[in-house]
Amino acid sequence: HEYAHAIHFMLRPEDDLSRAGRELVAEASAFVICNRLGADTADYSISYLKSWMSESGDLKKVMDDIQKVSYTILTKLAESQDFASFNLQEDNENER
């Protein structure tokens, strides 16, 4: 959630988005990422998202930002996993 905030501020530094909008992006992105990694955070995330929504269309307004933040974080995780796997393979080959 907090990392999603950081990425969102990097991608969209302008301050035209409300605090509620920022919280929706951070938590929805965290939910998407956790779900993709196999962690079910629905019980917590859904109630948290509801607490920041003042109108039913609030989430739709930030959907593009949620996608961009989620994609950025998942891509960074995949790259770090590829790098970690590559280094592990090198270490194993050097031990032989």
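## Close-up views of a five-helix chain

R12 is buried, with a relative accessible area of 18%. That value is under the 20% cut-off for burial. The model shown in these views is predicted.

**View 1. R12 sits in the loop between α1 and α2.** Setting aside residues up to four places away in sequence, R12 touches L17, R22 and D65. One of these partners, R22, is itself listed among the buried residues of α2. V69 lies 57 residues from R12 along the chain. In space, the C-alpha atoms of R12 and V69 are separated by 9.9 Å.

**View 2. The whole chain has five helices and zero strands.** Read along the sequence, the pattern is α-α-α-α-α. The chain has 96 residues, and 30% of them are buried. Consider the contacts with a sequence separation of 6 or more: 67% of them join residues 24 or more positions apart. The accessible surface of the chain comes to about 6,700 Å². Carbon and sulfur atoms account for 54% of that surface.

**View 3. Helix α2 runs over residues 19-36.** The helix has 18 residues. From first C-alpha to last, α2 reaches 26 Å, close to the 26 Å expected at 1.5 Å a residue. Which residues of α2 are buried? They are G21, R22, E23, L24, V25, A26, E27, A28, S29, A30 and I33. An α-helix has 3.6 residues a turn, so residues three or four places apart point the same way. Just after α2 comes G38, with a positive phi of about 95 degrees.

**View 4. Helix α1 crosses α2 at roughly 125 degrees.** Two packed helices are described by the angle between their axes and the distance between the axes. Helix α1 covers residues 2-11. The axes of α1 and α2 come within 8 Å. The two helices are therefore oblique to each other. Their crossing is right-handed. On the α1 side, the residues that meet α2 are A4, H5, H8 and F9. On the α2 side, they are R22, E23, V25, A26 and S29. These five α2 residues also appear in the list of buried residues of that helix.

**View 5. H8 lies in helix α1.** Is H8 buried or exposed? At 2% relative accessibility, H8 counts as buried. Leaving out residues up to four places away in sequence, H8 touches L17, R22, V25, D65 and V69. Two of these partners, R22 and V25, belong to the α2 side of the α1 and α2 contact. L17, R22 and D65 are also touched by R12.

**View 6. Helices α2 and α3 cross at roughly 165 degrees.** Their axes come within 9 Å. The two helices are therefore roughly antiparallel to each other. The crossing of α2 and α3 is left-handed. From α2, the contact uses R19, A20, E23, L24, E27, A28 and F31. From α3, it uses A42, Y44, S45, Y48, L49 and W52. E23 appears in this contact, and E23 also meets α1.

**View 7. S45 lies in helix α3, residues 42-52.** S45 is buried, with a relative accessible area of 1%. Beyond its neighbours within four places in sequence, S45 is in contact with E27 and F31. Both partners are among the α2 residues that make the contact with α3. E27 is also one of the buried residues of α2. V32 lies 13 residues from S45 in sequence. C-alpha to C-alpha, S45 and V32 are 10.0 Å apart in space.

**View 8. A42 also has its place in helix α3.** A42 counts as buried, at 18% relative accessibility. A42 is one of the α3 residues in the contact with α2. How far apart in space are A42 and V32, C-alpha to C-alpha? The distance is 9.8 Å. In sequence, A42 and V32 are ten residues apart.

Notes. Residues are numbered from 1 along each chain as its sequence is written. This is a predicted model: local features need pLDDT of at least 70, side-chain atom pairs count only at pLDDT 80 or more; totals for chains, interfaces and linings use all residues. Side-chain values use heavy atoms; hydrogens and water are left out. Helices (H or I, at least four residues) and strands (E, at least two) are DSSP runs, numbered from the N terminus. Buried means under 20% relative accessible area, exposed over 50%, partly exposed in between (1.4 Å probe, protein chains only). Contact means heavy atoms within 4.5 Å. Accessible areas come from the Shrake-Rupley method with a 1.4 Å probe; for residues, only the protein chains shown count as cover. The expected span of a helix is 1.5 Å times one less than its number of residues. Axes are lines fitted to C-alpha atoms, for helices over the stretch in contact, and angles run from 0 to 180 degrees between N-to-C directions. Angles under 35 degrees count as roughly parallel, over 145 as roughly antiparallel, 65 to 115 as roughly perpendicular and the rest as oblique. A crossing is left-handed if the near helix is turned anticlockwise from the far one by less than a right angle, and right-handed if clockwise.
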